[in-house]
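Got your viewer open? Let's take a walk through this one together, picking out one thing at a time.

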Amino acid sequence: MKILRIKQVMAMTGLARSTIYKYIKDGGFPKSVKLSVRAVGWVQSDIEAWILSKLSSRDEC
């Protein structure tokens, strides 16, 4: 299991930081994991699953 920081998540998804946090607030993006008082990260497999779900919804259209 690998924990990704925000810059890595941004690079993988192509989304801006503000968009990622907006999607989290709306419930449409994997929640972050608190690493310390001021640091969060995301589980890589959660981000990969989110990307795959976006690809599969694209293919359904």
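Is Tyr23 buried, partly exposed or exposed, and at what relative accessibility? Select it and look: Tyr23 comes out at 30% relative accessibility, so it counts as partly exposed, since that class covers the range between under 20% (buried) and over 50% (exposed). Bear in mind as you go that this is a predicted model.

Stay on Tyr23 for a moment. It sits in helix α2. Leave out residues up to four places away in sequence, and Tyr23 touches Leu15, Gly28, Phe29 and Trp50.

**Step back to the whole chain**

Switch to a cartoon view. You should find three helices and three strands. Trace them from the N terminus and the order reads β-α-α-β-β-α. The C-alpha trace spans about 40 × 25 × 20 Å along its principal axes. Of the 61 residues in the chain, 25% are buried. If you turn on a surface, its accessible area is about 4500 Å², with 56% of that belonging to carbon and sulfur atoms.

**Next, the sheet**

Color the strands. They form an open sheet in the order β1-β3-β2, with antiparallel pairing. Because β1 and β2 stand at the edges with a single partner strand each, one side of each has no neighbour in the sheet.

Now zoom in on the pairings:

- Select residues 3–4, which are β1: two bridges join this strand to β3, and the two run antiparallel. Pick Leu4 and you'll find its bridge partner in β3, Trp42.
- Move to β2, which also has two bridges to β3 and runs antiparallel to it. Here Lys34 stands opposite Val40 in β3.
- Follow the backbone from β2 to β3: the two are joined by a hairpin through five residues.

What holds such strands side by side? In general, strands of a sheet pair through backbone hydrogen bonds.

**Into the core**

Show side chains for Leu4, Ile6, Val9, Leu15, Ile20, Ile24, Phe29, Trp42, Ile47 and Trp50. These 10 residues make up the largest nonpolar core. Among the elements, α1 (6–13), α2 (17–26) and α3 (44–60) are those that give two or more residues to it.

Which residues does Ile20 contact, leaving aside neighbours within four places in sequence? Click on Ile20 to see: the list is Ile6, Val9, Met10, Thr13, Leu15, Phe29 and Trp42. Two names there may ring a bell from the strands and from Tyr23: Trp42 is the bridge partner of Leu4, and Phe29 is one of the residues that Tyr23 touches.

For a chain-wide view of contacts, take those between residues at least 6 apart in sequence: 41% of them join residues at least 24 apart.

**Last stop, the surface**

Select Met1, Ile3, Val33 and Leu35. Together they make a nonpolar surface patch of about 410 Å². Finish on Leu35, found in the loop between β2 (33–34) and β3 (40–43). At 42% relative accessibility, Leu35 counts as partly exposed.

How values were computed:
Residues numbered from 1 in each chain as written. Predicted model: local features only at pLDDT ≥ 70, side-chain atom pairs only at ≥ 80, totals over all residues. Heavy atoms only, no water. Patch = residues over 30% accessible without salt bridge, like charges linked within 9 Å, V, L, I, M, F, W, Y side chains within 5 Å. Areas by Shrake-Rupley, 256 points an atom, 1.4 Å probe, with all protein chains shown as cover. Salt bridge = Lys/Arg side-chain N within 4 Å of Asp/Glu carboxyl O. Helix = DSSP H or I, 4+ residues; strand = E, 2+ residues; numbered from the N terminus. Buried < 20%, exposed > 50% of the residue type's maximum accessible area, 1.4 Å probe, protein only. Pairing = 2+ DSSP bridges. Core = buried A, V, L, I, M, F, W, Y, C linked by side-chain atoms within 4.5 Å. Contact = heavy atoms within 4.5 Å.
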